[in-house]
Amino acid sequence: MVVAAGPTLAFEAGVAWPAARLLLGRGVDGADKALLGWASDIEWICAHVDRVILGSGDGIFAPTLAAIQEQG
């Protein structure tokens with residue numbers, strides 16, 4: 001599991017998901033950008049991850065998720 005949060009919620013995210021890899025983002029869309037950076041290697045994700053579940057209130061992840069789905 002990979003979780004991204006900004007500085008104000010990083011501690012809470014770490015406590016809520018203690019086994020997750022925690023990415024820290026700063027600034028506008030910082031957590032989203034940190035997660036997108038982690039997800040940028042689509043081939044690696046498809047080879048190593050069985051399922052991608054993402055919760056977001058905007059469409060910033062749509063192209064990345066479409067690329068993951070395209071590759072299976």
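Does V52 count as buried, partly exposed or exposed, and at what relative accessibility — which of these classes applies? V52 counts as partly exposed, because its relative accessibility is 39%. Buried means under 20% relative accessible area, exposed means over 50%, and partly exposed lies in between (1.4 Å probe, protein chains only).The model is predicted: local features need pLDDT of at least 70, side-chain atom pairs count only at pLDDT 80 or more, and totals for chains, interfaces and linings use all residues. Residues are numbered from 1 along each chain as its sequence is written, and side-chain values use heavy atoms, without hydrogens and water.

V52 sits in the loop between α3 (42–48) and α4 (62–70). Helices (H or I, at least four residues) and strands (E, at least two) are DSSP runs, numbered from the N terminus. On the surface, V52 joins L54 and L65 in a nonpolar patch. Together the three residues have about 190 Å² of accessible area. Such a patch takes residues with over 30% relative accessible area and no salt bridge (side-chain nitrogen of Lys or Arg within 4 Å of a carboxyl oxygen of Asp or Glu). Nonpolar side chains are joined within 5 Å, like charges within 9 Å. Areas follow the Shrake-Rupley method with a 1.4 Å probe.

L54 also belongs to the lining of the largest pocket. This pocket has a volume of about 600 Å³. Its lining holds 24 residues, and V2, V3, L35, I53 and L54 lie nearest the centre. At least two lining residues come from each of β1 (2–5), α2 (30–38), α3 and α4. The most come from α2, which gives four. A pocket is an open set of points on a 1 Å grid where a 1.4 Å probe fits, with protein on both sides within 12 Å along at least five of seven lines; lining residues have an atom within 4 Å of a point. The volume is the space filled by probe spheres set on the points.

One aromatic pair is counted. The ring centres of W38 and W44 are 6.2 Å apart and the planes stand at 80°, so the pair is edge-to-face. Rings pair if their centres lie within 6.5 Å; planes under 30 degrees apart are stacked, over 60 edge-to-face, and the rest tilted. W38 is partly exposed, at 26% relative accessibility. W44 is partly exposed too, at 39%.

Two further residues were placed. D41 lies in the loop between α2 and α3. D41 is partly exposed, at 41% relative accessibility. D41 and T64 are 23 residues apart in sequence, with 9.6 Å between their C-alpha atoms. A5 lies in strand β1. A5 is buried, at a relative accessible area of 7%. From A5 to P63 the chain runs 58 residues, and their C-alpha atoms are 21 Å apart.

Note on methods:
Phe/Tyr/Trp six-rings, centres within 6.5 Å; stacked < 30°, edge-to-face > 60°.
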